[in-house]
Amino acid sequence: MACSFRQAARQAVLFAALIPWAGAQAQVQAGPGTWSGNQTWASDTVNGGALTGYYYWPATAPVLAGKRALVLVLHGCSQSAAGDVIDGAADKGYNWKGVADSYGAVILAPNATGNLYGSHCWDWAKSTHSRSTGHSGILLDLINRFVSNPQYAIDPKQVYVAGLSSGGAQTMVMGCLAPDIFAGIGINAGPPPGVTTLQIGAVPSGYTATTAANNCKNLAGANLPQFSTQVAGVIWGTNDYTVAQAYGPLDAAAMRIAYGGTYAKGVAATVPTGGSNIPYTDANGKVRTSEITVTGMGHAWPAGSGGQSGNYVDATKVNYPAFVMDFWFKNNLRVARVAPPSMSSCSAGVSGSTVTVNGAASGTIGSYHVVLNGPTPVNDAAAGSGASFSKAYAARADGYYSGSVTATDSGTGLTSTACAIAQFLVGAPPALQAPANLAVGARTAASIALSWNASNGATGYNVYRNGTKVNASAVAATSYTDTGLAAATSYSYQVSALGNGGVESARSATVTGSTTSGFACTTTSASNYTHVQAGRAHDSGGYALANGSNQNMGLNNTFYTSTLAQTSAGYYIIGNCP
């Protein structure tokens with residue numbers, strides 16, 4: 001990766017050279033499945049220093065058109081690729097690795113060169129942007145290095161960019177400047193082109209979505225027609241007081257104007273956890289923009305569970321990498337959709353200790369993959385080929401088995417969805433075992449959700465609360481929600497398995513779950529004086545202390561403002577609801 005920096009005069013030629021390569025069928029090789037060490041890619045003659053950073057090359061196969069996607073991820077001010085974006089020892093950073101594995105995508109995580117605006121920001125607020133110089137130039141060069149290297153098998157039609165804050169603003173710049181390169185963008189709390197660093201906290205008077213769209217189209221220049229196949233996602237938090245929340249919908253509206261045509265606003269849909277997404281479709285019924293508001297999130301990258309918690313990364317809210325990758329892949333308008341093969345049937349037959357697996361699929365099938373789970377497992381990626389197959393697996397140990405069959409097309413390399421083989425038995429049935437891993441899930445003031453592992457040979461399950469069976473009929477699934485419970489009360493649970501002939505196993509290990517109090521946490525932001533007057537806090541020696549927790553909020557006057565969360569009756573803590 002440490003190749004020399006290509007001169008600006010050559011860049012347009014190199015990008016043009018990608019077009020014939022796009023039609024070639026590259027052999028997709030597995031990557032190491034780990035983040036690279038720190039790379040040095042290119043010199044920045046404008047901002048100073050060299051572009052450094054990391055890349056992630058997955059070991060998994062790509063899921064669209066047999067080629068890999070490439071995602072450029074841009075950190076915010078006061079962040080770095082190593083410290084915040086990539087996986088670390090304690091957390092998963094921005095949380096891109098998991099979705100990269102799921103989609104077989106390559107991720108780029110560069111560091112902003114120079115020290116713009118005193119916080120290592122991207123140069124989004126410049127009055128001019130160029131495809132050959134500054135941050136835009138070196139980032140486009142970085143993309144070209146990966147797309148033009150056949151070992152990564154990048155599809156030029158599957159190149160995306162996303163970022164937070166200055167990285168979100170730079171994302172919009174990149175999407176506008178090079179709509180021919182980026183099939184999709186993901187803007188997180190990013191001001192649009194034409195806004196200055198002094199205007200990030202409020203939309204300037206007279207600045208509208210049309211203003212932003214015109215600035216965007218001016219950046220695109222001769223590549224304006226490429227907007228017809230680009231999609232854009234925008235996300236922001238309801239507690240973001242760093243970048244004006246109004247920039248979120250303004251950015252999305254600006255991109256729709258740049259894309260041209262008319263749009264229909266969709267129905268808001270819930271995005272776990274705390275998000276609400278509004279899609280907009282064009283006149284052809286294609287989703288072109290997504291607008292997500294995240295309740296209670298401040299100025300941060302929403303990484304989802306496992307991500308970093310701190311320094312403008314929030315692991316308690318929406319998993320935006322998972323959402324935006326799904327949004328990009330489902331709505332990419334540049335990749336021809338080739339249908340994967342389809343399994344039409346699969347089954348398993350038993351004769352003594354031999355299991356014979358059969359299957360059939362549509363398409364030009366180069367290989368069938370058989371997986372059997374049980375006492376003597378099978379993982380056979382070369383079970384057969386053609387329209388159908390039958391293969392025997394001898395000397396299987398006694399016990400219960402289940403499995404699946406998938407088919408891979410020899411021409412496209414695409415794989416079918418799995419055809420499930422129902423549970424079957426080899427030999428005499430073993431004793432029915434109690435369900436394992438009984439666990440308590442979601443709880444409310446009146447209900448507790450339970451889940452457990454399936455027991456081999458089970459036809460259903462019984463659920464016991466405090467020693468008494470609570471289900472009227474056998475539970476078919478491996479989950480159950482116990483309702484009609486008292487608030488703020490602890491209950492113990494066990495589960496047993498049911499077999500043919502009314503056989504019931506021993507009960508599982510006991511787990512304990514408690515219903516919630518039913519109290520809904522609320523937050524209030526006000527001056528300390530107002531909090532005291534309203535009974536949320538009290539005065540002690542001229543300081544305001546939160547009632548219940550006694551946390552010191554500062555001086556008891558109108559000049560100090562605090563946010564208090566009421567977590568139970570008469571109990572307040574400083575900050576938002578947990």
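What share of the chain's contacts with a separation of 6 or more comes from residues 24 or more positions apart? Those residues account for 64% of such contacts. Contact here means heavy atoms within 4.5 Å.

**Basis**

This is a predicted model: local features need pLDDT of at least 70, side-chain atom pairs count only at pLDDT 80 or more, and totals for chains, interfaces and linings use all residues. Residues are numbered from 1 along each chain as its sequence is written, and side-chain values use heavy atoms, with hydrogens and water left out.

**Overall build**

The chain has 578 residues, and 47% of them are buried. Buried means under 20% relative accessible area, exposed means over 50%, and partly exposed lies in between (1.4 Å probe, protein chains only). The C-alpha trace spans about 75 × 75 × 45 Å along its principal axes. The chain contains 9 helices and 33 strands. Both are DSSP runs numbered from the N terminus: helices are H or I with at least four residues, strands are E with at least two.

**Two open sheets**

Strands of a sheet pair through backbone hydrogen bonds, either parallel or antiparallel. Two strands count as paired if DSSP finds at least two bridges between them.

One open sheet has 3 strands in the order β14-β15-β18, with antiparallel pairing. Its edge strands are β14 (342-351) and β18 (388-393), each pairing on one side only. Neighbouring strands of this sheet are turned by 15° against each other on average, direction ignored. Such angles come from axes, which are lines fitted to C-alpha atoms (for helices over the stretch in contact), and run from 0 to 180 degrees between N-to-C directions. Strand β15 covers residues 354-362 and is joined to β18 by 6 bridges. In this pair, Val 355 stands opposite Tyr 393 of β18.

Another open sheet of 3 strands runs in the order β28-β32-β33, again with antiparallel pairing. Here β28 (522-527) and β33 (571-574) are the edge strands, and each pairs on one side only. The average turn between neighbouring strands of this sheet is 35°, direction ignored. Strand β32 covers residues 561-568 and pairs with β28. Two facing positions can be placed there. Thr 522 stands opposite Gln 566 in β32, and Ala 526 stands opposite Ser 562 in β32. On the β33 side, Leu 564 faces Ile 574. β32 and β33 form a hairpin with 2 residues between them. Gly 570 sits in that turn with a positive phi of about 75°.

The bridge counts of these antiparallel pairs are as follows.

| Strand pair | Bridges |
|---|---|
| β15 and β18 | 6 bridges |
| β28 and β32 | 6 bridges |
| β32 and β33 | 4 bridges |

**Backbone outliers in loops**

Ala 189 has a positive phi near 50°, although it is not glycine. This residue lies in the loop between β6 (184-188) and α6 (209-220). Ala 189 is buried, at 8% relative accessible area.

Asn 437 is another non-glycine residue with positive phi, about 60°. Its loop runs between β20 (419-426) and β21 (439-443). Is Asn 437 buried or exposed? Asn 437 is exposed, at 56% relative accessibility.

A cis peptide bond links Pro 272 to Thr 273, with omega near 0°. Thr 273 lies in the loop between β9 (269-271) and β10 (275-282).

**A small internal space**

Rolling a probe the size of a water molecule over the atoms shows where empty space is left. On a 1 Å grid over the protein atoms alone, a cavity is a set of points where a 1.4 Å probe fits but cannot get out, and its lining residues have an atom within 4 Å of a point. Grid points are joined across faces, edges and corners, and a volume is the space filled by probe spheres set on the points.

The structure holds 2 cavities of 30 Å³ or more. The second largest has about 30 Å³ of space. Which elements each supply at least two residues of its lining? They are β7 (231-237) and α7 (247-259). Lining residues include Ala 189, Gly 190, Trp 236, Tyr 247 and Asp 251. By class, the lining has 7 nonpolar, 2 polar and 1 charged residues. Ala, Val, Leu, Ile, Met, Phe, Trp, Tyr, Cys and Pro count as nonpolar, Asp, Glu, Lys and Arg as charged, and the others, Gly among them, as polar. Ala 189 thus appears twice in this report: as a residue with positive phi and as part of this lining.

Key: 1 Å grid on protein atoms, 1.4 Å probe; cavity = no way out; pocket = protein on both sides within 12 Å on 5 of 7 lines; lining within 4 Å.
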